[in-house]
Amino acid sequence: MCGIVGCVSDEPVAGTLVDGLRRVEYRGYDSAGVATVSGGRIHVRKGVGRISDIEAKKKLTELKGTTGIAHTRWATHGGVSERNAHPQTSCGDSVAVVHNGIIENYVSLKRGLVARGHEFRSETDTEVIAHLIEEEYLRSKEPLRATLAATKKLSGQFAIGVVFSDRPDVIVGARRDAPLIVGVGDGKTFLASDVLAFIEHTDRSVFLDNQEAVEITKDSVKMVTANGREVVRRPTQVAWELADISKSDYAHYTLKEINEQARTVAGAAVQEPGRVAAFAKALVGASSIFITGSGTSYHAGLLMKSRLNQEAGIRCDAIVSGELREHDGLLGDKSVVVALSQSGETADVLEAVRGAKRRGAKVLSVVNAAGSTLARESELALLLNCGPEVGVAATKSFTAQVVVANMVVDAVLGKRRADGVAQLSKAVAEVLKTDPLVKKLVQKYRDRSDFYFVARGYQSPVALEGALKLKELSYLHAEGMPASELKHGTLALIEKGTPVVMINPTGPNHADSLSSAEELRARGADLIGVSDEEDGVYRHLIRVPKVEDRFMPVVEVIPLQLLAYHFAVARNRDPDYPRNLAKSVTVK
Ligand code: M6R
């Protein structure tokens, strides 16, 4: 939530900052702004809306200066308005701050600052940071020291970038429970929430650990702990490339990412066997196992849990991360928590694993972003290798999670089954050809407002995922549930023409789902089957190829991703940037 970019260079930076903002726009997109330093002043331009619109109106790229910070916002404190957009400046205009996170004690801090004569111009929690740093800077005249002193007074989470009107050569950054990364380029240094912001300039990154701060110039990086102790950390090379974050010829990132899945499922299966074996061994030796994640990642976790329970006979639970602490009483030093996350920065997930660690549990993770906080705070992390996912909706990361989770379960079962993935990759290419049929279904059902997704057993999380995708991308009401639950209430909502998507591959639950299908039909539902078998009960069948049972969710979910995408487009929604949402949910 909220994207930060900063750059110190010996050339004008405003264009570079705006390019960087476009790359992290997925983190928040209600308003944006840039601040540069030149001629002993901080110059700020900002506005409401998407970056391209703000640029067209406010010409952010024309700001002068070789040092600057920029921000794209997902509002928390204070409505969406120009004055609440970042950067936020101190009343003496000597300090500007961009911030991702929430300052929990901002009300009391503000009261104190007002009493000391500071004037506030916004309703944000962020503005207190600018005033506090200004006070400290007047005392010490040292940017890093002033920032450290100010951040000590803050409760809550933050990643900040700070510039000073009389220091056109420096940006200071600090983080607590929100990501911040330094990019080391040739004659330019970056500070950002995500490597994507600077990947076109450099792939050399230094990840700040929690509670660290940094002062960057165009050719130096000074990193310190919250207590000011210097930290030496070498840059690491990030594997992602600029081509990974271009839309190619696709209309949207979401569509591109859906279409990449034949390749990304294969990439996900490229794991070091020793690491997978170590992951599996930790599960086998655990006294209790909790699998955790949020949103789509939680759905992948449900699939993992299902196989561990059913095939490996290992007792474990899948719990949404925001609720894991309700199970604290069951966590101890022989427990294992498996966290799944695309970004590795989701606040609920990080809070869940940190809580579990405090109780002595071992944390293992499956994550896409290699240098992310979750990856670094886990005892062992398996990477999804699916490249950056820019669309807010999780698509290729879900199918990659299913592949990696299956490899772990197979290792628990003592099986090594590499060839299933090659077959899966071909099947994914095949299932993507359902696109024209899916588009026709969207035309047919575009005026309906309620959709149901049902399935049984191992397929049930796919129903949840199909409903989540549709809600998120098209803003239509959708519910996912086990088909067995329909008769316990939801059936009352089914009337003539209600679209119900039933995921029902051949297998142990097939016949029972067909009974549910008949019950739905008898009440007038329009059934859309997702199956490898034509059973004659569906009004429309999205036929999917048969792959190994463990991988069926991958081929089943892809038509549902396409369905959500095409509904969004048909309803003039932007599928890459759904309203009210952000890609990385870094606040609680
Ligand atoms: O980065 P994470 O996998 O931790 O993100 C978790 C959820 O916020 C995410 O899956 C969200 O539900 C997606 N936007 C759904 O498409």
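Across the interface of domain 2 and domain 3, nine residue pairs, both members at pLDDT 80 or more, are in polar contact (a pair of N or O atoms within 3.5 Å, one able to donate a hydrogen and the other to accept it; residues adjacent in sequence count only if both atoms are side-chain atoms). The model is predicted, with local features needing pLDDT of at least 70 and side-chain atom pairs pLDDT 80 or more, while totals for chains, interfaces and linings use all residues. Residues are numbered from 1 along each chain as its sequence is written, and side-chain values use heavy atoms, without hydrogens and water.

On the side of domain 2 that touches domain 3, helix 6 (253-259), helix 7 (261-268), helix 9 (295-310) and helix 12 (396-412) each supply at least two residues; helices here are DSSP runs of H or I with at least four residues, numbered from the N terminus. Helix 9 gives the largest share, seven residues.

The two domains, 241-416 and 432-574, are taken from an automatic or database domain assignment. The table summarises their interface.

| Property | Value |
|---|---|
| Distance between C-alpha centres | 25 Å |
| Residues in contact (heavy atoms within 4.5 Å) | 25 of domain 2, 20 of domain 3 |
| Buried area (accessible area, 1.4 Å probe, lost on putting the two parts together, summed over both) | about 2000 Å² |
| Salt bridges (side-chain nitrogen of Lys or Arg within 4 Å of a carboxyl oxygen of Asp or Glu) | one |

Carbon and sulfur atoms give 71% of the buried area. Ile 258, His 299 and Leu 303 supply 25% of the area that domain 2 buries against domain 3, more than any other three residues. Asp 410 and Arg 550 meet through their side chains in a salt bridge, at 2.3 Å from N to O.
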